[in-house]
Amino acid sequence: MSRTVCAPAALAAALPRLTTTVPREFVHRAAVAEVLLTGWRREGDDRFLVTAQWPRGHSFFTPVAGAEGRRHDPMLVTETIRQVGSLIAHAEFDVPLGYQFLMWDLSVTTHPGRLAVGPVPAELVLEVRCSDVRRRAGTLAGLRYDVVLRRDGAIAATGNASYTCASPEVYRRLRGNREPGLPTRTAPAVPPELVGRHSPFDVVLAPAASPAGGPADASAAGRAGRWLLRAEGDHPVLFDHPVDHIPGMVLLEAARQASAALAPAASAVTPASFTSSFHRYAELDLPCWIEAERDEPDAAGAFVSRVSGHQDGEPVFSCTITTTPPADPSVCQ
């Protein structure tokens, strides 16, 4: 009796195509559950295709509910595009693991009607084009990239970003003796419903102190458009691993929540698009003040907010957000 032995390659070819995530190290995540990208391939010298998947539910990037059904959180688009930048750097530009990245700007525009939560996780294809590629001593020093995010062939979002990267030695010279860690400072959260959240655990804004230095009423602080950044290191998504500065995604979440707090009515709002710039590292051990103002809403209820963060009187980041109201104003994230 003869036996047929399948070589590994033949066995793999006989199996259905399997989906995995990219290595978590390539997207600077400690938790595999927070890896959104599933694969990539080079399409040309400066062009790549990246695949991604969004879960139907997420512990922090919770779907936005409305009369037309549930939609994926637009900040999930932002995190997906952020992960693309580090993936391409490590996987295609040979940046060694352990190098540090500094994001200088990040912009996203979404098409809310194409962010609906379906009966299965959303499968995405991202078309990536790199430009302004700079190298130092043969190693990538920085680049800009543009992304077109498609779902079922239709454009669901677009975005672009730029960053520089530094070796561990250069980074230590740049940052001095700062060691990675997690912030432990506890500050009271503004009411979650003021910023479109259910749980205080997910709130990244604290009421600003009164002029006399005493505690301020949370609602009054929100209406005034000034808050203290609330960075809690035990949050498993915002602080996925020890860092020596406040991550950019925490700052963008602060901008989103500040925009929600300035909404004409106390309701959840959806950031349809934003443009952000990062000016310096946001330090873990210094108060970071978040300030925001908004334009008057248009006839549909959409409005533009301008949000900035400062430490020691120096600008840390700035962000302009175009916000649309939810279909059902009673629903918060």
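## Notebook: a strand residue, a sheet and a cavity

**Entry 1. Asp 132**

I began with Asp 132, which counts as exposed because its relative accessibility is 51% and the cut-off for exposed is over 50%. I noted at once that this is a predicted model. Where does Asp 132 sit? I found Asp 132 in strand β4. I then looked up its backbone. Phi of Asp 132 is positive, near 50°, and the residue is not a glycine.

**Entry 2. Asp 94**

I looked at another aspartate with a positive phi. Asp 94 has phi at about 60°, again without being a glycine. I placed Asp 94 in the loop that runs between α2 and β3. Is Asp 94 buried or exposed? Its relative accessible area is 60%, so I logged Asp 94 as exposed.

**Entry 3. The chain as a whole**

I stepped back to the overall counts. The protein chain holds 5 helices and 12 strands. I read off 333 residues, of which 49% count as buried. I also checked how far apart in sequence the contacting residues lie. Among contacts with a separation of 6 or more, 67% join residues 24 or more positions apart.

**Entry 4. The sheet**

In what order do the strands lie in the sheet? I traced an open sheet of 12 strands, ordered β1-β2-β4-β5-β6-β3-β9-β12-β11-β10-β8-β7, with antiparallel pairing. I marked β1 (37–42) and β7 (205–207) as the edge strands, since each is listed as pairing on one side only. The average turn between neighbouring strands of this sheet is 25°, direction ignored.

**Entry 5. β3 against β9, and two helices**

I followed β3 next. β3 covers residues 100–110, β9 covers residues 270–278, and the two pair in the antiparallel sense over 5 bridges. Which residue of β9 stands opposite Asp 105? I found Ser 277 there.

Then I turned to the helices on the sheet. Helix α2 (residues 74–92) packs on it and touches β1, β2 (47–54), β3, β4 (122–136), β5 (139–151), β6 (154–166) and β9. I noted about 140° between the direction of α2 and that of β3. Helix α5 (residues 248–261) also packs on the sheet. I listed its strand contacts as β3, β7, β8 (226–229), β9, β10 (289–294), β11 (303–311) and β12 (314–324). The direction of α5 makes about 50° with that of β12.

**Entry 6. From β8 to β12**

I worked along the pairings strand by strand. β8 and β10 run antiparallel and are joined by 3 bridges. Leu 228 faces Trp 289 in β10. I followed Trp 289 onward, and its bridge partner in β11 is His 310.

How many bridges hold the pairing of β10 and β11? I counted 6, in the antiparallel sense. One more partner went into the notes: Glu 291 is bridged to Ser 308 in β11.

β11 and β12 also run antiparallel, joined by 9 bridges. I recorded Thr 323 in β12 as the bridge partner of Phe 303. The hairpin of these strands has 2 residues between them. What is the phi of Asp 312 in this hairpin? I read a positive value near 55°.

**Entry 7. The loop at Arg 56**

I went back to the loop between β2 and α2, where Arg 56 lies. Arg 56 has 43% relative accessibility, so I entered it as partly exposed. I listed its contacts beyond four places in sequence: Pro 63, Arg 70, His 72, Val 117, Gly 118, Pro 119, Val 120 and Pro 121. I also checked Arg 56 against Ala 116. They are 60 residues apart in sequence, and their C-alpha atoms are 9.6 Å apart in space.

**Entry 8. Cavities**

How many cavities of 30 Å³ or more are there? I found 4. The largest cavity encloses about 50 Å³. I wrote down its lining as Phe 201, Asp 202, Val 203, Val 204, Arg 230, Ala 231, Glu 232, His 235, Leu 238, Phe 239 and Val 250. Sorted by class, the lining gives 7 nonpolar, 1 polar and 3 charged residues.

How values were computed
Residues are numbered from 1 along each chain as its sequence is written. This is a predicted model: local features need pLDDT of at least 70, side-chain atom pairs count only at pLDDT 80 or more; totals for chains, interfaces and linings use all residues. Side-chain values use heavy atoms; hydrogens and water are left out. Two strands pair if DSSP finds at least two bridges between them. Helices (H or I, at least four residues) and strands (E, at least two) are DSSP runs, numbered from the N terminus. Axes are lines fitted to C-alpha atoms, for helices over the stretch in contact, and angles run from 0 to 180 degrees between N-to-C directions. Contact means heavy atoms within 4.5 Å. On a 1 Å grid over the protein atoms alone, a cavity is a set of points where a 1.4 Å probe fits but cannot get out, and a pocket is an open set with protein on both sides within 12 Å along at least five of seven lines; lining residues have an atom within 4 Å of a point. Grid points are joined across faces, edges and corners, and a volume is the space filled by probe spheres set on the points. Ala, Val, Leu, Ile, Met, Phe, Trp, Tyr, Cys and Pro count as nonpolar, Asp, Glu, Lys and Arg as charged, and the others, Gly among them, as polar. Buried means under 20% relative accessible area, exposed over 50%, partly exposed in between (1.4 Å probe, protein chains only).
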